[in-house]
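Here are a few friendly notes to read alongside the structure. Keep the 3D view open and look for each residue as it comes up.

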Amino acid sequence: MPDVGLREWVAVGRAIAKGHLLRYDPKAGITARFERDLGALTGARHVLAVNSGTSALVAALAAAGIGPGDEVLVPAYTWMATAAAPVQVGAVPVLVEINETLTIDPDDIRAKITPYTRAIMPVHMVNAPCDMDAIMSIAREYGLVVIEDACQGVGVRYKGRHCGAIGDLGAFSFNKMKNMNIGEGGAVLTSDERYFIRARSYHDLGSMIRQHGDRLNEPEFVGMNMKVTEIDGAMLEVQLRKVVPMLERMRKRRAVLAEILSQSREFTLTPHNDPGSAVSLSVLARTREEAVALTGRRGIHNRLRDSSKHIYTNWEPILQKRTFHPKMNPWAWAKRDISYTPDMCPRTLDILDRTCIVTLGLQYPMPLMKMVARKLADPGPSARSA
Ligand SMILES: *Cc1c(COP(=O)(O)O)cnc(C)c1O
């Protein structure tokens, strides 16, 4: 994540001095400018800033008209928000295995499609893009909506395009842990004008009193309040200018370290859906035990199975199908019985057991990181036999 510092502080100060903190104040305009800039960067025709990545996912599903009776395909490895968002609009998540790229497995998408499937939510986890070509072609074949969860892939590219702007809709998060950080925040991306107007209605229940001047006559429906303030907009403008250079540094560093690590006889590099623009680096050990042993070595950030909150086995409210009110329970409205068990995605668990994230070490000099990588790739005869 880029740092938050003096430039954000100045931008926020200016926004406060202007005195128009509501983004739809006629004299406001900072957030609107950020949305245009993010659209220009990603290629999405419409961008809507919202107050979190979770809100962005829910607004995107509402925009696409996903609801009761619908099944939504989500990967078994993601932050629980991806599986929780369909529940908020009355649909149910159906869990899909990941493959070694750490993203949703297109073959398992096919296996999990039923007559009730309406949408696929591919998640670009840990900056690794999904196999979007395969996913879009399956979606077209079956008439499904694709809502990309690019909360962990802000600014990441896939074959020259931006994650989040490839599917019908996309969601970004600007939470503290993500590529752009304003504490909490998010955005919906789409190139479909009708989806955009519907997402905007959903995110702002006062939408009907604004002078949006749209071309389409889309009737307003009951919405929420997921709006951002101009203070958010001001910080986002600054963060947007930081994210591209940061990812470019990560890409260069990743290429050098990947080359060194590919020499290892102990592990292989995690396959990547677009190696040329890769900014994420992880390795796949042969066994769980070998991966556990790797976690003690320099240059290894962590083993994915240990970042347990991102694994479906720990999404207790989903596994238990528990909602805030028993009658607001989408599983009761589903067209078939949907059940979840801890062992339902064994391939996902096996891959997470054996995958370790490599530290890119942006804050350290490149020669040092190269040395760490060489040692990781070839620890020497004594360490290998130990
Ligand atoms: C962070 C995250 C979200 C949710 O974003 P928030 O801004 O925290 O609501 C959704 N999906 C994934 C994959 C995430 O990492």
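1. Let's begin at the second largest pocket. Helix α4 provides the largest share of its lining, four residues. Please keep in mind as you look around that this is a predicted model.

2. Which other helices help to line the second largest pocket? Besides α4, at least two residues each come from α3, α10 (316–319) and α11 (330–333). The lining has 20 residues, and those nearest the pocket's centre are Val 87, Gln 88, Val 89, Thr 323 and Phe 324.

3. The second largest pocket holds about 390 Å³ of space. Sorted by class, its lining residues are 15 nonpolar, four polar and one charged.

4. Now turn to the largest pocket, where the space comes to about 1,300 Å³. Its lining is made of 42 residues, and Met 1, Val 126, Asn 127, Gln 152 and Met 177 are the closest to its centre. Try finding these five residues in the 3D view.

5. Several elements give two or more residues to the lining of the largest pocket: the helices α3 (53–63), α4 (81–88) and α8 (230–261), together with the strands β12 (300–303) and β13 (355–358). Of these, α3 gives the most, with three residues. You have met α3 and α4 already, since both also supply residues to the lining of the second largest pocket.

6. What is the mix of residue classes in the lining of the largest pocket? There are 19 nonpolar residues, 19 polar ones and four charged ones.

7. Where does the largest pocket sit with respect to the domains? It lies between domain 1 (6–240) and domain 2 (243–308 + 347–385), because both of them give residues to its lining. Notice that domain 2 is written as two stretches of the chain.

8. Next, the ligand. Around it are 17 residues, and Gly 53, Thr 54, Asp 149, Ser 173 and Lys 178 come nearest.

9. Three of these side chains are worth a look for their polar atoms. In the side chain of Thr 54, an N or O atom is 2.6 Å from an oxygen atom of the ligand. For Ser 173, the corresponding distance from a side-chain N or O atom to a ligand oxygen is 2.7 Å. Lys 178 has a polar side-chain atom 3.0 Å from an oxygen atom of the ligand.

10. How much of the ligand's surface does the protein bury? On its own the ligand exposes 380 Å², and the protein buries 93% of that area.

Conventions
Residues numbered from 1 in each chain as written. Predicted model: local features only at pLDDT ≥ 70, side-chain atom pairs only at ≥ 80, totals over all residues. Heavy atoms only, no water. 1 Å grid on protein atoms, 1.4 Å probe; cavity = no way out; pocket = protein on both sides within 12 Å on 5 of 7 lines; lining within 4 Å. Points joined across faces, edges and corners; volume = space filled by probe spheres on them. Nonpolar A, V, L, I, M, F, W, Y, C, P; charged D, E, K, R; others polar. Domains from an automatic or database assignment. Near = heavy atom within 4 Å. Polar contact = N/O pair within 3.5 Å; in protein donor to acceptor, adjacent residues only side chain to side chain. Areas by Shrake-Rupley, 256 points an atom, 1.4 Å probe, with all protein chains shown as cover.
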